[in-house]
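Student: Could we go through this protein model together? I would like to learn how to read it.

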Amino acid sequence: MSTSTTAVPEELKDTVTLSNLDHVIEFLSRFLDPVANLARSNSVWPLTFGTSCCAIEMMHVGMSKFDISRFGSEVFRATPRQADLIITAGTITRKMAPALITLYEQLPEPKYVIAMGACTVTGGMFNDSYSVVQGVDRIIPVDVYLPGCPPRPDGILDALLKLQQKIRTETYRDRRKKAYKQTAVLYVDYDTGRPVDDLVAEVKSETETVLAESVGNANPTQ
């Protein structure tokens, strides 16, 4: 028995027939995946979320000239509980990283991410900056990369079409294998905006220095 299977108590075995809902979903997904994927791919609802100047291009794609509603994604949601997609439009600073991780974790599965813009993909012009995350895929999984500074609205539509194709061809089992686990490599102190690892290392170094000085004072050289 796999570790994910929930054992059924002896007193309930006569009445309980399903010990793991995942088994049932996997069985039904063989028949329902094509239809469900087609429906989901044509109704991807993005989160109303922008981090920097790329958000202007994301707003533009919803206007009449480009009309993202042709692809079923005009319903920008104000809460992650009702969204399927995060378009990380712009620079991700280290102080903003915990908030982005929280938003991503609040999205229900299956959920997707489009990394929009050079700053989001690799850090862009802020490459090697102490305050900018050098690629959003360091903190959350990314499904489609959209380079550019900034990418044009029709580039966003192209990224959306690629995401739709990915959704249509995936299976429930494949998606479960990629289920999100906490992969953040950077935890940030809200008060100072500095990485927690740096603060811990600094305190550790200061502690070692104080201990070394106290030992030296306790055992002065003759």
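Tutor: Let's talk about confidence, then the nonpolar cores, then the salt bridges.

Student: What is the mean pLDDT of the protein chain?

Tutor: Good place to start, since this is a predicted model. Of the residues in the chain, 73% reach a pLDDT of 70 or more. Averaged over the protein chain, the pLDDT is 75.

Student: In which element is confidence highest?

Tutor: Let's begin at the other end of the scale: confidence is lowest in helix α6, residues 172–177, with a mean of 66. Over residues 1–6 the pLDDT is below 50, and beyond near neighbours in sequence this stretch has five contacts in the model. The highest confidence, at 88, belongs to β2.

Student: Which element gives the most residues to the largest nonpolar core?

Tutor: This core has 22 residues, and those touching the most other members are Leu85, Ile87, Ala89, Ile114, Met116 and Leu163. Two or more residues come from each of α2 (54–60), β1 (85–89), β2 (112–116), β3 (144–146) and α5 (153–169). With six residues, the element that gives the most is α5.

Student: How many residues are in the other core?

Tutor: That core lies apart from the largest one. Its members include Ile92, Leu100, Leu107 and Ile140. The number of residues in it is 18.

Student: Which residue of α5 forms a salt bridge with Asp143?

Tutor: Asp143 sits in the loop between α4 (118–122) and β3, and its partner is 23 residues away, so to speak in a distant part of the chain, in helix α5. The closest N and O atoms of the pair are 2.8 Å apart. The partner is Lys166.

Student: Is Asp143 buried or partly exposed?

Tutor: Its partner Lys166 has a relative accessible area of 25%, which makes Lys166 partly exposed. Asp143 has a relative accessibility of 17%. Buried means under 20%, so Asp143 counts as buried.

Student: Why are Asp158 and Lys162 separated by about one helical turn?

Tutor: Their side chains meet in a salt bridge, with 2.6 Å from N to O. Asp158 is partly exposed at 38%, and Lys162 is partly exposed at 48%. The separation is about one helical turn because both lie in helix α5 and are four residues apart.

Student: How many salt bridges are found in the whole structure?

Tutor: Besides the pairs we discussed, Arg152 and Asp154 meet through their side chains, at 3.3 Å from N to O. Asp154 is partly exposed, at 38% relative accessibility. The search of the whole structure finds three.

Conventions
Residues are numbered from 1 along each chain as its sequence is written. This is a predicted model: local features need pLDDT of at least 70, side-chain atom pairs count only at pLDDT 80 or more; totals for chains, interfaces and linings use all residues. Side-chain values use heavy atoms; hydrogens and water are left out. A nonpolar core is a set of buried Ala, Val, Leu, Ile, Met, Phe, Trp, Tyr and Cys residues joined through side-chain atoms within 4.5 Å. Buried means under 20% relative accessible area, exposed over 50%, partly exposed in between (1.4 Å probe, protein chains only). pLDDT is the predictor's confidence in each residue, from 0 to 100. Contact means heavy atoms within 4.5 Å. A salt bridge is a side-chain nitrogen of Lys or Arg within 4 Å of a carboxyl oxygen of Asp or Glu.
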